[in-house]
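Please open the structure in a viewer and set the display so that both backbone and side chains can be selected. The tour below proceeds stop by stop, stating what to select and what is found there.

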Amino acid sequence: MENQTLSIGGMTCAACAGRIEKTVRKLEGVTTATVNLASEKLFVEYAPPQTLSAIKEAVIKIGYEVLEKSAGSTVTIPIGGMTCAACSARVEKAIRKLEGIETVTVNLATEKATILYDPHKLRVSGIKETIEKAGYKALDFSKEGAVDEDKLRKEKAIKVLKTKFIVAISLALPLLYIAMVPMINVFSLPFPKALAPMNFPLIYALVELLLVIPIIAVGYRFYTVGFKALIQRSPNMDSLIALGTTAAIVYSLYNVWQIYQGNFHAVDSLYFESAGVIIALILLGKTLEAVSKGRTSEAIKKLMGLAPKTAIIVENGAEKEIPIDEVIPGDIIVVKPGTKIPVDGTVTEGSTSIDESMLTGESMPVDKKAGDAVYAATINTNGVIQFKATKIGSDTALAQIIKLVEDAQGSKAPIAQLADIVSGYFVPIVCAIAVIAGIAWFTTTSAGLIALPAGKSPLEFSLTIFISVLVIACPCALGLATPTAIMVGTGKGAENGILIKGGEALETTHKIQTIVFDKTGTITEGKPEVTDIVKSKTLDTSAALGSDAAFLRIVASVEKGSEHPLGAAIVRAAQERGLELVKVDNFASLTGLGIEADVEGMHVLVGNRKLMDERSIPLAELEADSDRLAGEGKTPMYVAVLDGNNQGKPAGIVAVADVLKKSSKQAIEILHKMGIEVAMITGDNKKTAAAIARQVGIDRVLSEVLPQDKSNEVKKLQEEGRKVAMVGDGINDAPALAQADIGIAIGSGTDVAMESADIVLMRSDLMDVPAAINLSKRTIRNIKQNLFWAFGYNTLGIPIAAGVLYLFGGPLLNPIFAAAAMSMSSVSVLTNALRLKRFFIGQATEG
């Protein structure tokens, strides 16, 4: 079974995505075909004899593009010693002979060689050696990854759409002014006398025509795609836009001809402004959509950007810096303090603490020594280590997380695209009504069965009916119903620090039944703090460790030399209390155990239970307190004092914990009132996790979950038939955020988590989680109201436009009033959407 991801071009709406899926699924051997419209990717699973080329051909055949990109890497190497064109040609020829070289260009003027090569077949060091052998000097170079063709293509598309919108709106506004002011100039707005429609109707009509032509030109894609979809019997939103604006334009052109023929009253039947304004507004929507789509792949790019670009390897006893792509399994790599681990491996020499928060979300560094595993993109905080590379490239833990994010983004939630589904039926029905009504009226009036209005021929009368039906059924209101509410709803959220990334997220959020919270940095602050000080009962209260302040002062003085975050928390607690730290001697950091030092005549140990056991410190009297603190989700750090004979006795415990956020408990209580189940996911042990859960009222605890398994836990909840939201902040949360129906990232978290999420809480306040859900409910309710009114106007208007009232002796609906009805439906939709601006975000806490 083969799995492939293809970049697709030319899609405009959900109907396009659905059509591609339907076409590919019909192919023999294809088991799965899912199109992600936002990232413009096709995820396909197939088995032989089906081939990838056949799948590409099927997609191209139905009118879409399959975008290819190179998998090679590009390197630019400055070259010294070239003097003429013969030199550059010699270097080019030498490099081109190497296996794995795709293209090579040597520029004599800049003295640089730009090379596209396959990193799996060739190292850059091999290219440099070839240049040196040819008699020239290979200088320090800059390396780039494969050209991000997707990004360049999307940036170009956004730029084109912005330009088209600017052209359209700059012409649509004066067109609207010219069309409307003579009709409803209640404010006595200025208007050129040379364009007065009653005095110079032909000039007036031609000016409108000249203004609308460029707008039609920049919106040509609506017509090419829309009519093509109609011809292929799969109408989409472009079809609605194309039909509505074409009807207005054709009718208007007919009336321009009437004016030219001397029928000056036809000046009242021009609808160029309707077509122009609709196209301008749709182009605005398409521009905003393209910008949003461009951001969907940034999460993957951020993840890829975490890994360092180079690594220092030990070769023949000397250190050598090489590009990350040249590292192979078995290489011995040196990592200095403050730098990133380049690939996965096993420590062979040295000890240190490594910050793995970018992978695990846990803020506390992990002690590492010989034999321990290290992971790409994590940060070495203090010591110098050497490790043996075991996994590189796509095999690293970081690469696996990237793959999980890609897979989760490729899986498709069953979100209904109501407007596109309805348009599939709405458009052909409206067309059928228009055609049937036109023919029926032409037949009956030609036969004299029904009297015509004065001055109307059967053809003109039936054409008026046909156009009126299409104009009143214009998709403007239908097209505005969803985006206007979404724009106002997301805007209101943004005003209050709740960033909702688009309509799908807004639509799905109100359906959430279970919310899964990551623990560290989400329910808790993500910053360890001193919570308890417990002193031994046998401690001499008159001694230097007698009072809590004195105890903390001595322990903090010892910890000042430590770089461990727990030690930093103790030092910070002492400083916050205004305690003056003292100088210590003989400080020693004991990796994985703790620290020791001489201070004020005492030899003090601070560390974990293992350190105390190694030094034979009796802990019986502190056992109960230690268990109690651990049960409360805190980390007990033991303190002991050694005498001159190296005999030690316990001095007490300093408990450090990642304390709960103030809003956590209240937010979870509100979610319960809203009928939502709350779960917590963490890598902590069951005892610590259960303690945290009890404090905040969590319903379900998912403990001891490995980073790569978080998305699987979310998937299990979804398999129970529940709509699941995931709230997290770490990179390890990214796959789960993408897997969940709704991913919610808190603003203090990593950029990758925020890019993977559907909703970002900028204030990192968990009270914004119920607020976002309530805002979603209000917005979706508003959208449903908009759709009701939009269809209501069309449903009532179409029979009237078809001449039902005239049939019973009533008036015939003039296209002017058909356009007015269309405008009224748009106005009602916009007005209703703007009501969301009055929504008070605090209402979210009312459940």
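**Salt bridges**

The count of salt bridges comes to 18. The model is a predicted one, and every value quoted on this tour is computed from it.

Select E92 and R96 to begin. The two side chains form a salt bridge in which the closest N and O atoms are 3.1 Å apart. Both residues belong to helix α3, residues 85–96, and because they are four residues apart there, about one helical turn separates them. R96 is partly exposed, its relative accessible area being 46%.

Proceed to E319 and K336, whose side chains meet in a salt bridge with an N to O distance of 3.7 Å. E319 lies in strand β11 (residues 318–323), whereas K336 is in the loop between β12 (332–335) and β13 (344–349), so the pair ties together parts that are 17 residues apart in sequence. With a relative accessibility of 38%, K336 counts as partly exposed.

Next, select E677 and R700. Their side chains meet in a salt bridge at 3.2 Å, N to O. This pair links distant parts of the chain: E677 is in strand β27 (residues 677–681) and R700 in strand β28 (residues 700–702), 23 residues apart. Are these two residues buried or partly exposed? E677 counts as buried, at 17% relative accessibility, while R700, at 25%, counts as partly exposed.

To close this part, select D532, D625, R628, E632 and K634 together; a network of salt bridges links them. As a general point, side chains of opposite charge can pair when their charged atoms come close.

**Beyond β28**

From β28, move along to V705, which is placed in the loop between β28 and α24 (710–719). V705 is buried, with a relative accessible area of 9%. Add T682 to the selection: its C-alpha atom is separated from that of V705 by 5.9 Å, although the two residues are 23 residues apart along the chain.

**A buried glutamate**

Select E596, found in strand β23, residues 594–599. Its relative accessible area of 12% makes E596 buried, because the cut-off for that class is under 20%. Which residues does E596 touch, not counting those up to four places away in sequence? They are N586, F587, A588, L590, H603, V604, L605 and R615. With R615, the side chain of E596 also makes a polar contact of 3.0 Å.

**Strand pairings**

Turn to the start of the chain and select strand β1 (residues 2–9) with strand β3 (residues 41–46). The two run antiparallel and are joined by six bridges. Within this pairing, Q4 has V44 in β3 as its bridge partner. Now add strand β4, residues 65–67, which pairs with β1 in the antiparallel sense over three bridges. Here G9 stands opposite E65 in β4.

Another sheet is displayed by selecting β14, β15 and β17. These three strands form an open sheet in the order β15-β14-β17, with antiparallel pairing. Which strands are at the edges? They are β15 (366–368) and β17 (379–380), each of which pairs on one side only. Strand β14 (residues 352–355) is joined to β17 by two bridges, and the two strands run antiparallel. One position to label is I354, whose bridge partner in β17 is N380.

**Two helices**

Select helix α18, residues 548–559. The helix has 12 residues and reaches 16 Å from its first C-alpha to its last, close to the 16 Å expected at 1.5 Å a residue. How many of the 12 residues are buried? Nine are, and α18 is thus mostly covered. The buried residues are A550, F551, L552, I554, V555, A556, S557, V558 and E559.

Finally, select helix α22 (residues 664–673) and colour S664, A667, I668, I670 and L671, which are its buried residues. Why do these residues fall on the same side of α22? They cover an arc of only 160° around the axis, and this puts them on one and the same side of the helix. The last selection is G675, just after α22, which takes a positive phi of about 80°.

Definitions and conventions
Residues numbered from 1 in each chain as written. Predicted model: local features only at pLDDT ≥ 70, side-chain atom pairs only at ≥ 80, totals over all residues. Heavy atoms only, no water. Pairing = 2+ DSSP bridges. Salt bridge = Lys/Arg side-chain N within 4 Å of Asp/Glu carboxyl O. Buried < 20%, exposed > 50% of the residue type's maximum accessible area, 1.4 Å probe, protein only. Polar contact = N/O pair within 3.5 Å; in protein donor to acceptor, adjacent residues only side chain to side chain. Contact = heavy atoms within 4.5 Å. Expected span 1.5 Å × (residues − 1). Arc of directions from axis to C-beta.
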